[in-house]
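Dear colleague,

Please find below the sequence and structure that I am handing over to you. My notes on what was found follow directly after them.

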Amino acid sequence: MSSRTEQFDQVIECLNLYIEGTFEGDVGKLKQVFHEKAILSGHIYPPGAPAEGVFMIAPVDVLYDHMAQSPSPKAEGAPYVARVGEVTLRGKLARAVVFEDGLFGHDFVNDLQLSHVDGAWRITSKAFVSDEH
């Protein structure tokens, strides 16, 4: 494996591709960054949801399906902004916090777990919470 700084840069590249794929609604790019067995879990607050929101846990394919069926933030001219807020790297594991504002009418805080698998960094889990936008 490469040096810690090179690994850090590779993690940032993975996260930036996640952000780009999300903005463009590009499932192909998202499939490059997520492990095929990745899990999503989190709380969303769609219109009409109870005050505590709706909890979901699902395989990453649910994200791919949603992105494929929905107009992308880029196509809609949505005010989507995303930033990497924190990265922790420990050997072949990494954790990142990514803030996304204006994604499908919500602002998200994502806690991403990554693993170095088969020579590349992949997101293995995404835990998130949204605020109503």
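In the hairpin of β4 and β5, 2 residues lie between the strands, and F104 takes a positive phi near 55°. Please note that this is a predicted model, so the values that follow are computed from predicted coordinates. Strand β4 covers residues 93–103 and runs antiparallel to β5, to which 9 bridges join it. Two of the facing positions may help you to fix the register: F99 is opposite V109 in β5, and A96 is opposite L112 in β5.

β4 also pairs with β3, which spans residues 81–90; the two strands run antiparallel and are joined by 9 bridges. Here V81 faces D101 of β4. β3 and β4 likewise make a hairpin, with 2 residues between them, and G91 in its turn has a positive phi of about 60°.

The next topic is the largest pocket, whose volume is about 330 Å³. Its lining comprises 14 residues, and those nearest the centre are I44, L63, H66, F108 and F128. By class, the lining consists of 11 nonpolar, 2 polar and 1 charged residues. Which elements supply at least two residues each to this lining? They are β1 (34–44), α3 (61–69), β5 (106–117) and β6 (120–132). The greatest contribution comes from α3, with 4 residues. β5 thus appears in two settings, as a partner of β4 and as a contributor to the lining of the largest pocket.

Finally, there is a nonpolar patch on the surface, formed by I39, F55 and I57, which together have about 310 Å² of accessible area. Of these residues, F55 belongs to strand β2, which comprises residues 54–59.

With kind regards

How values were computed:
Residues are numbered from 1 along each chain as its sequence is written. This is a predicted model: local features need pLDDT of at least 70, side-chain atom pairs count only at pLDDT 80 or more; totals for chains, interfaces and linings use all residues. Side-chain values use heavy atoms; hydrogens and water are left out. On a 1 Å grid over the protein atoms alone, a cavity is a set of points where a 1.4 Å probe fits but cannot get out, and a pocket is an open set with protein on both sides within 12 Å along at least five of seven lines; lining residues have an atom within 4 Å of a point. Grid points are joined across faces, edges and corners, and a volume is the space filled by probe spheres set on the points. Ala, Val, Leu, Ile, Met, Phe, Trp, Tyr, Cys and Pro count as nonpolar, Asp, Glu, Lys and Arg as charged, and the others, Gly among them, as polar. Two strands pair if DSSP finds at least two bridges between them. Patches are made of residues with over 30% relative accessible area and no salt bridge: like charges are joined within 9 Å, nonpolar side chains (Val, Leu, Ile, Met, Phe, Trp, Tyr) within 5 Å. Accessible areas come from the Shrake-Rupley method with a 1.4 Å probe; for residues, only the protein chains shown count as cover. A salt bridge is a side-chain nitrogen of Lys or Arg within 4 Å of a carboxyl oxygen of Asp or Glu.
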